[in-house]
Amino acid sequence: MIDLGDIRKQYTQGRLDETTAADNAMTQFHAWFEAYRASEPLEPTIMTLATVDEHAQPWQRVVLLKAYDGDGFIFFTNYDSHKGQHLAHTPKASLHFFWIEQERQVHVQGTVEKLDRSAAEAYFHSRPRESQLGAWASQQSRPLRDRAELEARFYELTEQFADQEIPLPDYWGGYRVRPNRLEFWQGGEHRLHDRLEYVREGQDDAWRKQRLNP
Ligand SMILES: Cc1cc2nc3c(=O)[nH]c(=O)nc-3n(C[C@H](O)[C@H](O)[C@H](O)COP(=O)(O)O)c2cc1C
């Protein structure tokens with residue numbers, strides 16, 4: 001057994017206090033996200049997305065956060081992928097942000113809906129041409145014989161769409177996670193971490209905020 005019990009870090013970066021934290025969970029998210037972004041991490045928009053399949057088996061993977069506002073968190077993907085199939089069956093997800101530099105994590109739960117096609121169009125066409133071709137070339141999450149098959153498809157599509165706008169594939173688009181719970185965690189000394197939970201019952205309801213034991 002590789003014993004890792006001696007790897008131990010103290011968390012001392014800051015405090016999270018219910019009297020100064022925002023009353024609106026998304027306002028609090030914005031403050032923390034901006035602080036994280038200002039620290040110039042390699043890839044500020046990374047988040048872990050968890051879905052469940054039809055057997056209640058949880059799955060996780062990293063996706064990129066492409067936008068957020070009071071209505072929720074937006075990411076883009078292939079609707080036929082594993083995650084797309086899970087969300088068609090169970091339109092609920094959990095998002096997780098882990099910001100080690102600040103000793104913070106944010107945990108989100110919510111319901112998921114597909115974005116309008118017009119929003120997907122706008123984002124798709126803002127991507128580099130090669131990424132658009134990549135979305136066409138990849139039947140995401142399906143078995144692939146070898147890499148050569150994928151690259152051959154990519155080059156065929158490059159020729160097929162030469163000198164023309166690349167259309168948005170039917171199976172590609174965005175999702176919005178509409179949160180009903182957010183939890184903010186700030187590491188503390190002696191494992192006395194700060195945890196604030198925000199919950200709301202309905203989309204228009206106010207957020208209820210409470211402290212949780214670490
Ligand atoms: C840094 C990083 C960013 C990623 N961004 C996305 C993304 O925005 N959308 C996406 O569909 N997959 C993204 N992926 C790939 C996913 O993690 C995953 O492999 C893919 O979506 C297939 O997942 P699924 O089979 O569970 O549906 C990213 C992976 C990494 C490591």
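Q: Let's start with the ligand: which elements each supply at least two residues of the shell around it?

A: Strand 2 (58-64), strand 4 (72-78) and helix 2 (82-89) each supply at least two residues of that shell. Helices (H or I, at least four residues) and strands (E, at least two) are DSSP runs, numbered from the N terminus. By the way, this is a predicted model: local features need pLDDT of at least 70 and side-chain atom pairs count only at pLDDT 80 or more, while totals for chains, interfaces and linings use all residues. Residue numbers start from 1 along each chain, following the sequence as written.

Q: Which element gives the most to the shell around the ligand?

A: That's strand 2, with five residues.

Q: Which residues come nearest to the ligand?

A: The general idea is that a residue is near a molecule or strand if its C-beta atom, placed from the backbone, lies within 6 Å of it. Here 16 residues surround the ligand, and R61, T77, S81, H82 and S141 come nearest.

Q: How do I read the chemistry of that shell, and how many residues of each class has it?

A: Sort the residues by class: Ala, Val, Leu, Ile, Met, Phe, Trp, Tyr, Cys and Pro count as nonpolar, Asp, Glu, Lys and Arg as charged, and the others, Gly among them, as polar. In this shell there are seven nonpolar, six polar and three charged residues.

Q: Let's step back to the whole chain. How many helices and strands are there?

A: The chain has five helices and nine strands. Starting at the N terminus, its elements run α-β-β-β-β-α-β-β-α-α-α-β-β-β. The C-alpha trace spans about 60 × 50 × 40 Å along its principal axes.

Q: What share of the residues in the chain is buried?

A: Count neighbours: a residue is buried if 20 or more other C-beta atoms lie within 10 Å of its own, exposed if 12 or fewer, and partly exposed in between, with C-beta atoms placed from the backbone. In this chain, 21% of the 214 residues are buried.

Q: What part of the contacts joins residues 24 or more positions apart?

A: A contact means that the C-beta atoms of two residues, placed from the backbone, lie within 7 Å. Among the contacts in the chain with a separation of 6 or more, residues 24 or more positions apart account for 60%.

Q: How do I read a helix pair, say helix 4 and helix 5: at what angle do their axes cross?

A: Two packed helices are described by the angle between their axes and the distance between the axes. Helix 4 (residues 129-137) and helix 5 (residues 147-160) have axes that come within 9 Å and cross at roughly 120°. So helix 4 is oblique to helix 5. Angles under 35 degrees count as roughly parallel, over 145 as roughly antiparallel, 65 to 115 as roughly perpendicular and the rest as oblique. The axes are lines fitted to C-alpha atoms, for helices over the stretch in contact, with angles from 0 to 180 degrees between N-to-C directions.

Q: Which residues meet there?

A: From helix 4, L133, G134, W136 and A137 meet L150, R153, F154, L157 and T158 of helix 5. By class, that contact has six nonpolar, two polar and one charged residues.

Q: And A152, is that buried or exposed?

A: A152 sits in helix 5. It counts as exposed because it has 12 C-beta neighbours inside 10 Å. Its C-alpha atom is 8.9 Å from that of A137, 15 residues apart along the chain.

Q: What about phi: where does A56 lie, and what is its phi?

A: Most residues other than glycine have a negative phi, and most peptide bonds are trans. A56, in the loop between strand 1 (46-52) and strand 2, has a positive phi near 65°. With 7 C-beta neighbours inside 10 Å, A56 counts as exposed. R191 has a positive phi of about 65° although it is not a glycine, and lies in the loop between strand 7 (172-186) and strand 8 (194-199).

Q: Last one: which residues does R15 touch?

A: Leaving out residues up to four places away in sequence, R15 touches Q186 and D194. R15 is in the segment before helix 1.
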